[in-house]
Amino acid sequence: MSGLLEIWGTLPAYAQATFWILVVTVALILSVAFTTLWERKVIGWMQLRKGPNRVGSIFGLLPGIFQPFADVIKLLLKEVVLPSKANKWLFRVAPAITLVPAFAAWAVMPLDPGLVIADIDAGLLYVLSLTSVGVYGIILAGWAANSKYAFLGAMRSSAQVVAYEIAMGFALVGVVMAAGTLNLGDIVRAQQGGVGDWFFIWLFPLFVVYLIAGVAETNRAPFDVAEGESEIVAGFHVEYSGIAFALFFLAEYANMILISALTAVFFLGGWLSPFEGLLAADNALAKPGFHWLFLKLFFFLTCFMWYRATFPRYRYDQIMRLGWKVLIPVTLVWIAVAAVMVHFRVGPWSPN
């Protein structure tokens, strides 16, 4: 082991970064695959049924564990149909434009106190810019198909995403005010000291707005009207089939994982331990690490599935009213409250 560490230390920075890029990418691909299985299992348990349990098991345990691989094989073998009047190049590129930003955002994600692929000072701006790019894939998918149904679905979906991106961006202004930095790792470190110093307490309205906007941003229930079959024949991807169709849903699940991780980083201390300050510093439970980030991420990811099994779908006018007339005013008011707390040195801005 010591020999491997010595070899690792001699590698140039770009080689180490390339290694971690491969590790994170493979982990994300597998996570997206098994998130689809986890969702079907969770919703099955909530509806008093078993969910997928036929495709494979490990020594009789975890029945249905290979269901995601069966789904991938099925979709790979299906024909990708190109509409005769479609813009074929944009039609093919649109799914990738939707999926790639969800993976690229992980380049600045602080996974551990000493592990981040690109530790850049403008990490928050990088994440916001990438999450905004995904809407172009939706617009192009609807337009390139040369179908009025797909185009109408794309317009509805893009209007929804843009509305909630504004609320999400305003919510993060409060985080930047509290942390005093755009670096994601430094935002986590600004929450050191215990659960009482995590931003979700002092910025609770912004935390709620960010969580709701994250659900709407990913087109998840109850904000999935853009893909509601009862509303508009499956929305912007109605002309897609096979693996091209699957890429849009992979992007949806990848964005769910990303939003869950960002919520943990911005408001719940990221890789910080909830037992910090309660237990001795040398106690294993009080030490920071990736496992704390994973547990917080997993909790929010399961909440996405909980919402889907619980809430009915909103009407489109209700979705837009919530985004423009409720969430954005709430963020503006609480930013003003945060400014007052900054002035009087209250909460995370206190001198201690």
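This report walks through some helices, buried side chains and unusual backbone spots in a predicted model.

## A long look at helix α2

Let's start with helix α2, which covers residues 13-46. How far apart are its end C-alpha atoms, and does that agree or disagree with the expected span? With 34 residues at 1.5 Å a residue, α2 should span 50 Å, and its end C-alpha atoms are 47 Å apart, so the two values agree.

Which residues of α2 are buried? They are Val24, Leu28, Val32, Ala33, Thr35, Thr36, Leu37, Glu39, Lys41, Val42, Ile43 and Gly44. As you read along that list, it helps to remember that an α-helix has 3.6 residues a turn, so residues three or four places apart point the same way. The buried residues of α2 pack against four partners: α3 (67-77), α4 (88-104), α11 (242-267) and α12 (290-310).

## How α2 meets α3

Now zoom in on one of those partners. Two packed helices are described by the angle between their axes and the distance between the axes. For α2 and α3, the angle is about 115 degrees and the axes are 8 Å apart. The crossing of α2 past α3 is right-handed.

Which residues make the meeting? From α2 come Ala33, Phe34, Thr36, Leu37 and Arg40, while α3 brings Gln67, Pro68, Phe69 and Asp71. Sorted by class, the residues of this contact divide into 5 nonpolar, 2 polar and 2 charged. Ala33, Thr36 and Leu37 may look familiar, as they are also among the buried residues of α2.

## How α9 meets α12

A second pair to find in the structure is α9 (residues 204-217) and α12, which pack at an angle of about 65 degrees with their axes 11 Å apart. Here too, the crossing is right-handed. On the α9 side the contact is made by Phe207, Leu211, Gly214 and Val215, and on the α12 side by Phe300, Phe304 and Tyr307. By class, there are 6 nonpolar residues, 1 polar residue and no charged residues in this contact.

## Two buried glutamines

Is Gln160 buried or exposed? Gln160 sits in helix α6 (residues 148-179), and its relative accessible area is 0%, so it counts as buried. If you set aside its neighbours within four places in sequence, Gln160 is in contact with Ala216, Asn219, Phe223, Val225, Tyr316, Ile319 and Met320.

Gln191 has a loop setting, between α7 (184-189) and α8 (199-202). Gln191 is buried because its relative accessibility is 0%. Beyond its neighbours within four places in sequence, its contacts include Asp197, Trp198, Phe199, Val265, Phe266 and Gly269. What lies 3.0 Å from a polar atom of the Gln191 side chain? The backbone nitrogen of Gly269 does.

## Far along the chain, yet facing each other

Try tracing the chain between Gln47 and Ala309. They are 262 residues apart along the chain, and their C-alpha atoms are separated by 8.2 Å. Gln47 belongs to the loop between α2 and α3 and is partly exposed, because its relative accessibility is 45%.

Another pair is Asp186 and Pro110, which are 76 residues apart along the chain, with 9.2 Å between their C-alpha atoms. Asp186 is part of helix α7 and, with a relative accessible area of 32%, is partly exposed.

## Backbone spots worth a second look

Most residues other than glycine have a negative phi, and most peptide bonds are trans. Which residues here have a positive phi although they are not glycines? Leu62, with a phi of about 50 degrees, is one of them. Leu62 lies in the loop between α2 and α3 and counts as exposed, because its relative accessibility is 51%. Arg345 is another, with a positive phi of about 55 degrees. You will find Arg345 in the segment after α13 (316-343), where it is exposed with a relative accessible area of 54%. Leu48, which follows α2, has a positive phi near 60 degrees.

Where is there a cis peptide bond? The bond from Ala221 to Pro222 is cis, with omega near 5 degrees. Pro222 is placed in the loop between α9 and α10 (229-232).

Key: Residues numbered from 1 in each chain as written. Predicted model: local features only at pLDDT ≥ 70, side-chain atom pairs only at ≥ 80, totals over all residues. Heavy atoms only, no water. Buried < 20%, exposed > 50% of the residue type's maximum accessible area, 1.4 Å probe, protein only. Contact = heavy atoms within 4.5 Å. Polar contact = N/O pair within 3.5 Å; in protein donor to acceptor, adjacent residues only side chain to side chain. Expected span 1.5 Å × (residues − 1). Axes fitted to C-alpha atoms, helices over the stretch in contact; angles between N-to-C directions. Left-handed = near helix turned anticlockwise from the far one by under 90°. Nonpolar A, V, L, I, M, F, W, Y, C, P; charged D, E, K, R; others polar.
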